[in-house]
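Hi everyone, thanks for making time. Please have a look at the model on the screen while I talk you through it.

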Amino acid sequence: MRAVRLHGVRSRRVCVDEVLPPRAPRADQLLVRVAASSVNGTDLRLLRGAVPVTALRGPFPLGFDVAGEVVARGPAVTSYEAGDRVLGLLDHGGGGQADRVLVPQSRVALLPAAVDPAEAGALPLAGLTALQALHGAAALHARRSPRVLVVGAAGGIGSYAVQLAKLAGAHVTAVARREQAGWLRDLGADEVADRDDGPLPGGGERWDVVLDTPAVLRLAEVGPQLADGGALVSTVPLSADVLRAGAGRLRRRRVRFAAVRTRARPADLARLVRLVAAGRLRVPVTGRVPLAGAAAAYADGGAGRGKLVVVI
Ligand SMILES: NC(=O)c1ccc[n+]([C@@H]2O[C@H](COP(=O)([O-])OP(=O)(O)OC[C@H]3O[C@@H](n4cnc5c(N)ncnc54)[C@H](OP(=O)(O)O)[C@@H]3O)[C@@H](O)[C@H]2O)c1
């Protein structure tokens, strides 16, 4: 079968390789015929060498998202059978950009007939991260008329976060390149700030939640612009040194920092896909490439905005 693999971070070489298909599913595993996956910021970070484990383990199968059809199941699988359409989040081993992949049933949810598998392939990692950052780490649902700032708003996580924050009744300010302003307003952003003016818009605004998807902010600089009880949520953990700066005063104001660690929770996947099926959440697909064209798409640096789908 075919699989998109990264061969060494120095060369940044991505190839569509012929590889052995997965063995028969064991225990609670499903063998899924992949319909679509997507390129996430995490795949791109692997390419940049920001996650060094790939350099040690030889060719690394890219793709953390999967949408497709169950073709076989392990003996301990209770919830799915052959022919079911599912979407899921693969673990740190990746492998979604391939003809077939093994995934435990605990990492998938059913894909309703109303949702296009190509769109579902762009939902898991970015959608779950946005959902869990906003409603888990930042407790958005417990805040009244919150003001939310999304940095990196045109990216995969950001473009879901803008919509999910809006659905939660927030006033949303998106930080992105100037040329993305119209597109982000269309997704629901109330205001768009030009990222060339810095990741934190001026004007003395107080935010209840700041979601920093490219992890460019420091608690010490954001703290004064967070409302009492506000939260800065990042996609990467900040160092203890960065956190200590100003932490005492911020603690008194109940300001907190959280780093989101995305989990493959089936209930969250089901929630996202229900929103999509109901037409309340848009999968921000801005490009589609066939599996055979994935290597070129990586060379071009991914989607630029929204989600780039790899259609198998
Ligand atoms: N902790 C976890 O469990 C977890 C889970 C998922 C993802 N992540 C991480 O989260 C990050 C974002 O993922 P993603 O899929 O959303 O990536 P993405 O689609 O590449 O989006 C990142 C966005 O951030 C923007 N950006 C980059 N540098 C910026 C800056 N200095 N100021 C303002 N905006 C900036 C990018 O704009 P341009 O492209 O125009 O530069 C892009 O729109 C990645 O590093 C990923 O590895 C972590």
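I'll start with how the domains meet and then turn to the ligand.

A quick word on provenance: this is a predicted model, where local features need pLDDT of at least 70, side-chain atom pairs count only at pLDDT 80 or more, and totals for chains, interfaces and linings use all residues. Residues are numbered from 1 along each chain as its sequence is written, and side-chain values use heavy atoms, with hydrogens and water left out.

The protein chain splits into domain 1, covering 2-123 + 283-311, and domain 2, covering 126-259; these bounds come from an automatic or database domain assignment. Their C-alpha centres are 28 Å apart. Each side brings 12 residues to the contact, meaning heavy atoms within 4.5 Å.

How much area do the two domains bury between them? About 850 Å², with 55% of it on carbon and sulfur atoms; that is the accessible area (1.4 Å probe) lost by the two parts on being put together, summed over both. On the domain 1 side, L123, P284 and R305 supply 55% of the area buried against domain 2, more than any other three residues.

And the polar side of things? Between the domains there are 0 salt bridges, counting a side-chain nitrogen of Lys or Arg within 4 Å of a carboxyl oxygen of Asp or Glu. There are, however, 4 residue pairs in polar contact across the interface, both residues at pLDDT 80 or more. Here that is a pair of N or O atoms within 3.5 Å, one able to donate a hydrogen and the other to accept it, and residues adjacent in sequence count only if both atoms are side-chain atoms.

Now the ligand. It is surrounded by 20 residues, and the closest are R45, R177, R195, T235 and V260, taking a heavy atom within 4 Å as near. T235 places a backbone N or O atom 2.7 Å from a ligand nitrogen. For ligand oxygens, the T42 side chain has an N or O atom at 3.0 Å, and T262 has a backbone one at 3.0 Å.
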